[in-house]
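Let us walk through this structure together, from the overall picture to single residues and ring pairs. Please keep the 3D view open as you read.

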Amino acid sequence: QDEETQHSLECIQANQIFPRKQLIREDENLQVPFIELHGESTEYVGRAEDAIIALSNYRLHIKFKESVVNVPLQLIESVECRDIFQLHLTCKDCKVIRCQFSTFEQCQDWLKRLNNAIRPPSKIEDLFSFAYHAWCMEVYASEKEQHGDLCRPGEHVTSRFKNEVERMGFDMNNAWRISNINEKYKLCGSYPQEIIVPAWITDKELESVASFRSWKRIPAVVYRHQSNGAVISRCGQPEVSWWGWRNADDEHLVQSVAKACASDSRSNGNRLMNGNCSRDFSNGGDLSDVEFDSSISNASGAESLAIQPQKLLILDARSYAAAVANRAKGGGCECPEYYPNCEVVFMGMANIHSIRKSFQSLRLLCTQMPDPGNWLSALESTKWLQHLSVLLKSALLVVHAVDRDQRPVLVHCSDGWDRTPQIVALAKLLLDPYYRTTEGFQVLVETEWLDFGHKFADRCGHGENSDDLNERCPVFLQWLDCVHQLQRQFPCSFEFNEAFLVKLVQHTYSCLFGTFLCNNAKERGEKHTQERTCSVWSLLRAANKAFKNLLYSSQSESVLYPVCHVRNLMLWSAVYLPCSSPSTPADDTCAPYPVPGSSPEDQPLGRLPKTRSFDNLTTACDSSVPTTNRRSSDPSLNEKWQEHRRSLELSSLGNPGDDPFDGDGPCKQGRAPVGAELSVAAGVAEGQMENILQEATTEDVGLEEHLRGSLETGGKGEEMALDKKRTEGLHG
C-alpha cells in the first residue's frame, strides 16, 4: 500500500509540479516538427531562413530542407548573434550550430529565448530529467515493475562496492578492512560512505589524516591486482603549506598501504622482492618523454621472494613546480624524507584551466573552414593530443608499477577529483579486462567518477547556479577520448563500441538522465536523484545490441600496454568533427522505457544517414524525426564515398533503408525498412576533412581488409601500422 501511495504521489507530481507549457506559434500553420518525449513540452515554433525552428523544455530543434539539428539545451554552452541575422550556438561537445533569420528582430527574439533556456537552473528540479522520469512513471503506471527495471541500473552497479571487494580478492582478515568512518558522509562530503584501508589503521587515525589532506580526501584503496596483491590508492594533496607541516598518522597510513600489500600477497602465496624503478624521480623532477621510455623498457619485474614491503609509488599528476606553488595555498606534496620506502613522481599534467583553453582552441579549429596546408599544425597547436598523451603515459606508469614491478601506487593531484580519477580509471581499464566489458565499464565510471566526487555539475555547467565559467572543463570528455584511443589500438579488447562512448559524451551533458547530476554522491542522495531520475545505464546496458563491439574477444590481452606518443593518437572525429558520427543501429531497445504495443524483436537494426547537421550526435535525445525521405544530404559526398559506404554494409543483416533513426526516448513511432552496418566500420569522414585527415593516395579499403588487419594485429598498439585513412575509417 505504501508503494501505491508513493506511486500516486509521483503521478500527481507529473501533472502539478511539471505542467505542460502553452505552445506559441509564429504562424498558425506551423506544427511541432518532432514527437515529444514524456514530460517534454514545446514552447515556441517559428521560422528561420529556409528552416523551421522549435524550442521545448528539453531541446532546440531546427529542421532545414535537407538536414536536421536536434540538440539538448544543456548541451549548448553559449548563444550569440553574429552578422545581425545569424545565431551562433557553441556546444559543450565541440560542435557549433549556425542559424540564419530573415529579420534582425526575429534573430534577437530567439537569442533571448535561447539564453533564458540554457542558463544554469536555479533549482535542480528545473532540469528535464526530473520531468521526464515523473511523466514516464505516470504513463507507464500499469507497467510499473517493468518500468522500474528499465529505469534503474543493474545489480552490478547498485551492489558495486561489495561485488568489487569480493571480485578483487582483498584479504579482509589480515591485511585490509572496510571503514564506515564516512557513514552519512560525516567525514568527507565528496567520498563514498565505505572505504578500504589497512586493517590496523583505526578510525581515529583516519580522522587525523583527514585533517591533513585536501578536502579531507584521505588515501583510500580502490583496486587490487588479483595476482600479486599490489593496490592502487587515491587521495587529495597533503596540506603541507609554506610552514612545512607534517602528520605522523598520514605518514603511517601511506607506509601501511605497502605493508598491507605485502601481507595480502603473502597470504596468497606471492612473496615479492622490493621493486625499484630504473630512475629515481623523488628529487621532484618531472617525467620527460625520454625518462618515461627508459623507465618502461629498462626496469625488470619482481621475481624473487621479499621480506620488506614494496617501495610505494606516489604519483602526483601535477608538475613539481605546480605542486610547490600549491604550498602558497595551503597544499603541497609529500616530502620523501618523511615517507620512507616511497618514491614520488610528478607527471606534469595540465590543470583544468589549461585543458579548457586547449579544448576551446580545438573547437575553434574543428568548426572553421579547413585549410589543408596548415590543418595538422593547427591541430598540434591546440595541444589537445599532447594532453591525451600525458594522461595515457601517467596511467601506463601506474600499470607498469602494479603489474610488472608489483608495487602499490598512490595517486593524487590537487583536490583529487579531476586528474586523479582520469589516471586511476584509465589504469584500472588497462589492468583489468572486467572493466572493458559493458557492465564493468559502468562500475568503473560509477566508482571512480561518481562515488569519489568528480564535480560533474560544476565541470559540465548544469548544476544549481553553476555559472562560474572558470569551473567548467571537459575532464570526463578528455578521459573518454583516451578510452576511444585505446579502442583504436585494441579493437578486440572492448565489449562496447565507439557509438557507446559517443552516446556517453552526449548524455554527460544532456540531462535526460540523472546519472551525472550534482557534484558528489552526498548531493545526489540529498536530491534523491536515483529515485527521481533515470539512469543512463538503462540505455547503455549490455543487452543493447546497438553498442556491441562485434570484434570483441574475451580472450584478448589481460593487461593492455598502449602506445602513448602523440604521433600514435588520432583526433576523435566522431565527436569533434561535423558529419562524422558513427552510425548506431535503430532499435527500440535503445529506449529506457517500453514502447506500448511493440517488442524489441519487431525492430530491425539500421544505420543513421550522415548529414551536414549535428543530427547524428544529438539523436541520443531525439525520438521524433520523421522516418521518410531522408538521405545523406552533404553535397560534398561524391559517388566514390557513397560506394565506399555501401561496401561496408552487411547484406546478411538486411537491406539498406532510406531513413533509419535511433532515439533514446520512449516515444518512437513507426518502422522504416532499414538495414544494418557493422558498428566498428561505420564509414569514413566526409567532405573536405577527408583530404586533410586521411592520405588521398591510399586506395579504398573494404570491410574484410579492415577486420583482417585488426585481427592480425591482436590489439597490439605497436603493431597497428595502419595508414591514416584505414584507421580513420574504423569507428568503434
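A residue is called buried when its relative accessible area is under 20%, exposed when that area is over 50%, and partly exposed in between, with a 1.4 Å probe and protein chains only. What you see is a predicted model, in which local features need pLDDT of at least 70 and side-chain atom pairs count only at pLDDT 80 or more, while totals for chains, interfaces and linings use all residues. Residues are numbered from 1 along each chain as its sequence is written, and side-chain values use heavy atoms, with hydrogens and water left out.

Start with the whole protein. It has 26 helices and 15 strands; these are DSSP runs numbered from the N terminus, with H or I over at least four residues for a helix and E over at least two for a strand. Of its 732 residues, 62% count as buried. The accessible surface comes to about 28,500 Å², and carbon and sulfur atoms hold 48% of that; such areas come from the Shrake-Rupley method with a 1.4 Å probe, and for residues only the protein chains shown count as cover. A contact means heavy atoms within 4.5 Å. Among contacts between residues at least 6 apart in sequence, 73% join residues at least 24 apart.

Now turn to helix α2, residues 104-118. The expected span of a helix is 1.5 Å times one less than its number of residues, so the 15 residues of α2 should span 21 Å, and its end C-alpha atoms are indeed 21 Å apart. Which residues of α2 are buried? They are Gln 106, Cys 107, Trp 110, Leu 111, Arg 113, Leu 114 and Ile 118. The buried residues of this helix pack against the strands β2 (42-48), β3 (51-56), β4 (59-64), β6 (76-82) and β7 (86-91). At the N-terminal end, Thr 103 caps α2, with a side-chain oxygen 3.1 Å from the backbone nitrogen of Gln 106.

Cys 107 leads us to the cysteines. A disulfide is a pair of cysteine sulfur atoms within 2.5 Å, and the structure holds zero of them. Why is Cys 99 not bonded? The closest cysteine sulfur, in Cys 107, is 8.2 Å from the sulfur of Cys 99, too far for a bond. Cys 99 counts as buried, at 1% relative accessibility, and Cys 492 is buried as well, at 8%.

Next come the aromatic rings. A pair of aromatic rings is described by the distance of the centres and the angle of the planes. Rings of Phe, Tyr and Trp (its six-membered ring) pair if their centres lie within 6.5 Å, and planes under 30 degrees apart count as stacked, over 60 as edge-to-face and the rest as tilted. A search of the whole structure finds 26 aromatic pairs. One of them, Trp 215 with Trp 417, is tilted, at 5.5 Å centre to centre and 45° between the planes. Trp 215 lies in the loop between α7 (203-210) and β11 (220-224) and Trp 417 in the loop between β15 (409-412) and α14 (419-431), so the pair ties together parts that are 202 residues apart in sequence. Trp 215 is exposed at 55%, whereas Trp 417 is buried at 7%.

The rings of Phe 476 and Trp 479 are stacked, because their centres are 5.8 Å apart and their planes lie at 25°. Both residues sit in helix α17 (residues 475-489), three residues apart, about one turn of the helix, and both are buried.

Key: A polar contact is a pair of N or O atoms within 3.5 Å; within protein, one must be able to donate a hydrogen and the other to accept it, and residues adjacent in sequence count only if both atoms are side-chain atoms.
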